[in-house]
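User: I am learning how structural terms are justified. Please take me through the reasoning behind a few of them.

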Amino acid sequence: MGWYVQPTVKQVAASQERLRIGSRQFRLYDVSPGDVLLPCRRNPKALSDMIDVCDLVKTFGKFCAVDHVSFSVPEGQIFGFLGPNGAGKTTTIKMLTTVLTPTSGAIRVNGYDPQRQQNQVRRSFGIVFQDPSLDSELTGWENMELHGVLYGVPSPERKERIESLFKFVELYDRRNDFVKTYSGGMKRRLEIARALLHNPKILFLDEPTIGLDPQTRNHIWSFIRSLSVEQKVTVFFTTHYMEEAERVADEVAIIDHGKIVAQDSPEALKEQTQGRSLEDAFIALTGHTLRDEEAGASEQMRMMRRVWRGR
Amino acid sequence: MKAVYILWLRQLKRYARSRARIVGSLGQPLLFLLALGFGFGPTFAKAGGGNYIQFLAPGIISMGILFTAVFSGIEIIWDRQFGFLKETLVAPVSRLHIVLGRTLGGATVALIQGVVVFVICLAVGFRFVHAPLLPVALVFMFMIAVLFTAIGTAIGSVLEDMQGFQLIMNFIVMPLFFFSNALFPVQGLPKALQFLIHLNPLTYGVDGMRGAFGTTFLFGVGTDFVVLGSLTMVLLGIGSYLFSKIQI
């Protein structure tokens with residue numbers, strides 16, 4: 001599990017770039033020879049892996065949305081971030097992806113700090129948000145083109161990548177249609193294609209299959225699986241569908257009331273809770289109480305979009 | 001800079017594709033031009049002001065630009081609600097470039113709208129004096145466009161939804177238009193009103209346009225240009241700052 005539980009105190013030797021704790025190697029950032037590395041709860045200086053989160057806190061007024069959360073995701077892993085409504089999943093993703101400032105704690109994404117090295121972090125990941133983020137007045141191709149230019153993908157390569165990604169998500173025939181004519185599943189596929197356009201090392205998926213039919217959901221997950229296998233993309237996703245998480249995730253973390261209550265492989269969690277499925281394990285860990293998510297601005301927005309767009 | 005260009009292009013494409021919006025936003029200036037222009041024309045002439053359409057046209061052009069520009073800026077709220085804003089916020093592009101692209105795009109749209117109103121004014125009987133001075137008028141039109149798109153951007157960055165729409169309309173956009181020299185001459189007005197009008201950036205834009213079209217300047221081309229130019233820079237700065245503070 002996480003490196004942050006290591007109780008050892010280590011001293012950095014001259015020119016030391018890596019640190020071995022147990023069977024895991026860690027890259028060192030922001031340290032100079034002679035620095036003493038303490039367990040992360042006090043000193044988050046040794047961080048490794050594709051995503052590292054140490055003691056992350058986010059409070060909104062008195063409400064603590066993310067409460068001292070720590071986890072790490074190694075390169076190439078498919079990591080499921082699960083939890084009931086309002087548990088802090090999306091808030092965590094927002095902090096990882098530079099759009100929200102943490103109250104305290106340390107984050108490294110691909111080795112960079114989302115607060116101080118925003119552009120390096122932004123180049124490292126692609127993201128599919130929980131709510132659609134396409135410009136529906138533009139065509140599919142124009143949405144991709146815009147993304148490619150914003151991320152500085154050079155022109156000949158851009159065209160090539162857009163074409164192959166359109167084929168990959170099976171939208172090539174619809175590439176010149178306006179996005180407003182796409183179905184929900186098609187929009188999702190386009191968003192995934194767009195998130196991959198700049199060859200990111202990490203793919204964030206915030207509830208990528210919400211509101212989609214089983215066929216499309218299957219399609220998207222097998223697609224994500226193949227991404228991780230073929231292109232070594234690290235995948236960080238959240239979902240409500242436990243059977244999906246069980247099928248694709250190498251490791252899952254379960255977050256509830258802003259705290260991580262368990263983190264392991266789905267098999268290990270089932271074993272630990274003696275549940276038959278990950279869903280049993282999930283309920284065993286988070287309880288049966290129904291959660292009332294506060295109807296914030298984004299919920300109102302979804303409502304409004306349903307009214308206006310019939311979606 | 002490519003990011004600025006692609007975001008500019010996006011605004012233009014969206015504009016070109018929404019015919020309803022183009023026609024719709026021409027309605028108001030047209031109404032003002034015809035109703036006020038012909039309605040007050042005789043009174044204005046009797047009072048010794050000359051041809052009212054000649055006086056009014058630059059004001060109406062500025063109105064077309066003002067409304068389109070502010071709403072192009074406020075489009076950020078729509079982008080926030082329909083999600084596209086997030087796509088730009090996680091892009092590895094400086095916030096200033098995003099604001100510049102959006103603002104220049106919105107301003108270009110407003111400028112086009114202004115030119116269309118100008119052509120309508122010509123059709124109604126407006127005449128300019130020196131053709132070589134037309135580019136100067138265009139410069140002033142573009143400056144108003146950028147300035148008010150920047151104001152719209154600033155407002156759109158602060159507001160979370162369209163609830164405040166009426167507020168913006170009645171307490172910002174309408175007063176900007178009415179408390180300017182767009183509809184009536186400033187000379188002889190009550191001191192307080194004159195003071196207010198002198199604070200309004202739109203006044204300097206309308207004055208610059210009037211001068212360039214061949215009516216007389218109130219302040220002179222240099223003053224108009226400097227006041228409008230520096231205000232535009234300041235508001236662009238404020239707009240980018242507020243935009244960079246957006247958290248979603």
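Analyst: The discussion below concerns a predicted model and treats a sheet, its helices and a contact between chains.

User: What makes strand 9 and strand 13 of chain A edge strands?

Analyst: The open sheet has 6 strands in the order 9-10-11-7-12-13 in chain A, with mixed pairing. Strand 9 (125-128) and strand 13 (259-264) each pair on one side only, and they are therefore the edge strands, where pairing requires at least two bridges. From one strand to the next, the twist averages 15 degrees.

User: How do you know that strand 7 and strand 11 of chain A pair?

Analyst: Two strands pair if there are at least two bridges between them. Strand 7 (residues 78-82) and strand 11 (residues 234-239) of chain A share 5 bridges, so they count as paired, in the parallel sense. Within this pair, A:G80 stands opposite A:F237 of strand 11.

User: Which strands does helix 5 of chain A touch?

Analyst: Helix 5 (residues 184-196) of chain A packs on the sheet and touches strand 9 and strand 10. The direction of helix 5 makes about 170 degrees with that of strand 9 of chain A.

User: Why are 9 residues on the side of chain B that touches chain A called charged?

Analyst: Asp, Glu, Lys and Arg count as charged, so the 9 residues belong to those types. That side also has 10 nonpolar and 3 polar residues. The contact takes 22 residues from chain B and 25 from chain A. Helix 1 of chain B gives the most to the side of chain B, with 7 residues.

How values were computed
Residues numbered from 1 in each chain as written. Chains lettered and ligands numbered in written order. Predicted model: local features only at pLDDT ≥ 70, side-chain atom pairs only at ≥ 80, totals over all residues. Helix = DSSP H or I, 4+ residues; strand = E, 2+ residues; numbered from the N terminus. Axes fitted to C-alpha atoms, helices over the stretch in contact; angles between N-to-C directions. Contact = placed C-beta atoms within 7 Å.
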